[in-house]
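Could you walk me through this model in my viewer, one selection at a time? I would like to know what to pick next and what I will find there.

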There are 2 protein chains.
Amino acid sequence: MKGNSTILVTGGAGYVGSHTVVELLKNNYSVIAIDNMVNCYAKANDKPEALKRVEQITGETVTFYNVDIRDRDALDRIFKAHKIDSVIHFAALKAVGESVKVPLMYYQNNIGGSGTLFEVMSKNGVKKLVFSSSATVYGTPQFLPITEEHPTGQGCTNPYGKTKYFVEEILKDLCTSDPEWKVILLRYFNPVGAHESGLIGEDPSGIPNNLMPYIAQVAVGRRDKLHVFGNDYPTHDGTGVRDYIHITDLAIGHLKALEKMMQPTFSSWTAYNLGTGRGYSVLDVLKAFEKASGKPIQYELEGRREGDIAECYADASLARTELNWTATRDIFLMCQDTWNWQQKNPKGFQSP
Amino acid sequence: MKGNSTILVTGGAGYVGSHTVVELLKNNYSVIAIDNMVNCYAKANDKPEALKRVEQITGETVTFYNVDIRDRDALDRIFKAHKIDSVIHFAALKAVGESVKVPLMYYQNNIGGSGTLFEVMSKNGVKKLVFSSSATVYGTPQFLPITEEHPTGQGCTNPYGKTKYFVEEILKDLCTSDPEWKVILLRYFNPVGAHESGLIGEDPSGIPNNLMPYIAQVAVGRRDKLHVFGNDYPTHDGTGVRDYIHITDLAIGHLKALEKMMQPTFSSWTAYNLGTGRGYSVLDVLKAFEKASGKPIQYELEGRREGDIAECYADASLARTELNWTATRDIFLMCQDTWNWQQKNPKGFQSP
C-alpha cells in the first residue's frame, strides 16, 4: 500500500501517459492505468510494453486494464473496484492529419469517450481531473508569448485540435454546473525527449508527424533526411520556431497539478501552459541534435506547409507562480535523451 | 408508395419536427419519423400524439420508431429496413437553462447522439443531411442584420448553444473529409406559431422558456401575467427585439433545403439563416397577440436578465436567392395561429 492516493491514468501506456506514471510511482502514488491499446505495442497476452518498462524503471507494479474510455460499464467496474482519488485523462487519438481524414472517429473517441468518462466519474463521486490539453486550442497566436488568457477555439483548423477545445469547454461547463468538480487543463506546447533511462520514449507508428522523432530516425538511419518546410519565416534563421518541452518536465507538471487540486482553496477549473517559454527553430533543434548524437543530420529545404505558423511559444509564468513548476531540462538534454532512447530502441518498443 | 423520396426525420414528434413532417407529406415525400419521446406526450402504447395529429391533418400514415439517436443498433436496423434518401436531424435537448445545470447530458445527447447518427448514415451510404441549427451559434451579434458570414462559436455562453455550434463544426469536417456528404445547416431565429389547423403546435413542459407560448398561456388563463425583462434597451420601445418566424414558414424552409441538396451542382455544406429579417420587440408581440386574441395581456416590467441582448435579427437574403425561400407569414398570423392552437389545446397535446 502506497502512502499517497490512487490516481487513474487514462491512456497510461502512451507517450505522455507512461512518463507521468513513472513520476507518480516515484512520488508514492498508487496508479491504475487504462488504455485501449490501439496505439501501443504489447507482447501477446501481456500488458503494454511501455508499462512493463515503467515497472522496470520504478520497481513498482502498475495495475493495468485494457479498456476503452467509451466502454461505460468497464469504466464503472474499475471505479467500483478501486478507491480512486483523481483522474489524469490522456486517452485520445492524436494524429492531426488522420483527424482531417476521419473526423467522426476523432469526435466520437475524444469527445464522446471523454463525456462517458466524466459521467462515470460523476456517478462514482470522483470529481478531480487533470486534462491533457494542448496549445493547439489557441489556434494561430494573436500575440506572443501565449498566456492562458489568449482566446481559444478560434482558428483551430483541424478536428484533433477542435476535440481538445471542445473537451475543455465541456469541463468548464461541468465545473459551472457542479462546484464539487475540480479541473486543471494542462496546455502542452511541444513535448519531446525521453526518460533518462532510455527505457521509455515516443514510439510513433509509421512516419513521425513531429520534428524530434523524425530527426532521431534520420540519425539512426531509418530515414534518409529531414524535410524542412519553409526557411523564409520572420524568425532568426527563417525556419519555424516552437516551444519544446522535455517529457519528464511535462510529466512532473501533472504531479504539480494534482498537488494544486488537493489544496482546499482550489475550486472550479484553471488552465496552465506547460512549456519552457523559449522558442527554438527547426535548425536550432537540428544542430542541438547533431551535437548530442555526434551524427550529421541530412536535411532538405522545401516550401512552407499550409497551415503552419512562424512562431509559437508559451508564457509559462502562471504554472511557475501557481503550480510551483518550471521546466528545467534544456534543448541539449531533450536531444540527448531522445538519442539515448532511439539508439537503445531503434524500432521503438518492438526492439528486442 | 409516394412519388418522392424517403426522408428520415429525427425528433419527428417535436415542435419543428412535426410541422416539417406535415409539409413533407403534403409534398409527396415518404417519412420515417423517430423520436425518443422524452419531450412528447403519447397515450399508452401509441405513437406520439403530435404524429397522430399530423396523420389527421394530412390523411397520411407516418412510420414511427421510438428510438434514441444514441442507439446505434436500432438506428442501423432502420437504415437497413428502409431506402432512405436524406435525413433531417432535429433530435436534441433544447432547454438553455437545463443545459447549464446538466451539461454532460446535453453534450452526450446532442453531440454524441449526432455523431452516432452520422456514423450509421455513413455506413449505410446515406450522406445527405439537413441540420436543425440555431442563430445561437452567432453568440452576441457583432453586426446586424446577421448574415451567414457572421463568426460562429464565439460567445455561445450556454452548453445548448455550444452543442449546436460543435455539431456544425463536426458536419463541416465531415464534408471536408468525404466529398460525398451534402449538408445544409439551417440556423433558426425564433420559431413561433402553430399549424393553421390548430391541431399541432408548441407544447412546452412546465413554465415556457420562450415569449410566445408564455403570452399564450397568460391569454388562456394558465399564467397570471407576463414578465418583461428590461425596458431600457436601445430599441424603439426599450424592450428586446427578436426575429420571429412562423413555424410553417420554417418547416417549408426544410423542404427547400432538401430540394437544394438534390441539385447536382450542390456539394459540401452551406448554412442558411431562416428568419423574416424583421425584428419585433416584446411589446410589439404582446400587442399583436392582444389584437389576434381579443384578450388583454397583463404584464410587469422587470430588470434586464443576465446574458440577454438588445436586438437580434437575420439577414435572410441568402435563403431567398439560393433556396428560393422566404417567410410569408406575418407577426399577426403568428399570434393568431398560436392563439388558435392554445384555445383548442389549453393543456397542449394532453387536452381532450
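Start by selecting Asp85(A), which counts as partly exposed because its relative accessibility is 26%. Keep in mind as you go that this is a predicted model.

**Stop 1: a link within chain A**

Now add Lys128(A) to the selection. Asp85(A) and Lys128(A) form a salt bridge, with the closest N and O atoms 3.3 Å apart. Asp85(A) sits in the loop between helix H3 (72-81) and strand S4 (86-89) of chain A, while Lys128(A) belongs to strand S5 (residues 128-134) of chain A, so the salt bridge ties together parts that are 43 residues apart in sequence. Lys128(A) has a relative accessible area of 17%, so it is classed as buried.

**Stop 2: the corresponding selection in chain B**

Hop over to chain B and select Asp85(B) and Lys128(B). Their side chains meet in a salt bridge at 3.3 Å, N to O. Here, too, the pair links distant parts of the chain, 43 residues apart: Asp85(B) is in the loop between helix H3 (72-81) and S4 of chain B, and Lys128(B) is in strand S5 of chain B. Asp85(B) is partly exposed at 25% relative accessible area, whereas Lys128(B) is buried at 16%.

**Stop 3: the strands of chain B**

Show strand S4 (residues 86-89) of chain B with its side chains. Ser86(B) and Ile88(B) point one way, Val87(B) and His89(B) point the other way, and all are buried. Next, bring in strand S1 (residues 6-10) of chain B, which runs parallel to S4(B) and is joined to it by four bridges. Look for Thr10(B), which stands opposite His89(B). Then add strand S5 (residues 128-134) of chain B: this strand and S4(B) also run parallel, with three bridges joining them. Val130(B) in S5(B) is the bridge partner of Ile88(B).

**Stop 4: two buried arginines**

Select Arg187(B) in strand S6 (residues 182-188) of chain B. Is Arg187(B) buried or exposed? Its relative accessibility is 2%, so Arg187(B) counts as buried. Follow the side chain of Arg187(B) and you will reach the backbone oxygen of Glu148(B) at 3.5 Å.

For the other arginine, pick Arg53(B) together with Glu49(B): they form a salt bridge whose closest N and O atoms are 3.0 Å apart. Both lie in helix H2 (residues 49-58) of chain B, and because they are four residues apart, about one helical turn separates them. Arg53(B) is buried at 7% relative accessible area, and Glu49(B) is buried at 9%.

**Stop 5: where the chains meet**

Finally, display both chains. You will find 24 residues of chain B in contact with 24 residues of chain A. The area buried between them is about 2000 Å², with carbon and sulfur atoms giving 64% of it. Highlight Leu104(B), Gln108(B) and Asp173(B), which supply 28% of the area that chain B buries against chain A, more than any other three residues.

How many salt bridges are there between chain B and chain A? The count is four. One to select is Lys162(B) with Glu169(A), where the closest N and O atoms are 2.9 Å apart. Then choose Lys162(A), Glu169(B), Lys172(B) and Asp173(B), which are linked in a network of salt bridges.

The interface also has ten residue pairs in polar contact. To see where chain B's side comes from, color helix H4 (96-101), helix H5 (103-123) and helix H6 (159-177) of chain B, each of which supplies at least two residues. H5(B) gives the most, with ten residues. By type, chain B's side divides into eleven nonpolar, seven polar and six charged residues.

Methods: Residues numbered from 1 in each chain as written. Chains lettered and ligands numbered in written order. Predicted model: local features only at pLDDT ≥ 70, side-chain atom pairs only at ≥ 80, totals over all residues. Heavy atoms only, no water. Contact = heavy atoms within 4.5 Å. Buried area = accessible area lost by both parts, 1.4 Å probe. Polar contact = N/O pair within 3.5 Å; in protein donor to acceptor, adjacent residues only side chain to side chain. Nonpolar A, V, L, I, M, F, W, Y, C, P; charged D, E, K, R; others polar. Buried < 20%, exposed > 50% of the residue type's maximum accessible area, 1.4 Å probe, protein only. Pairing = 2+ DSSP bridges.
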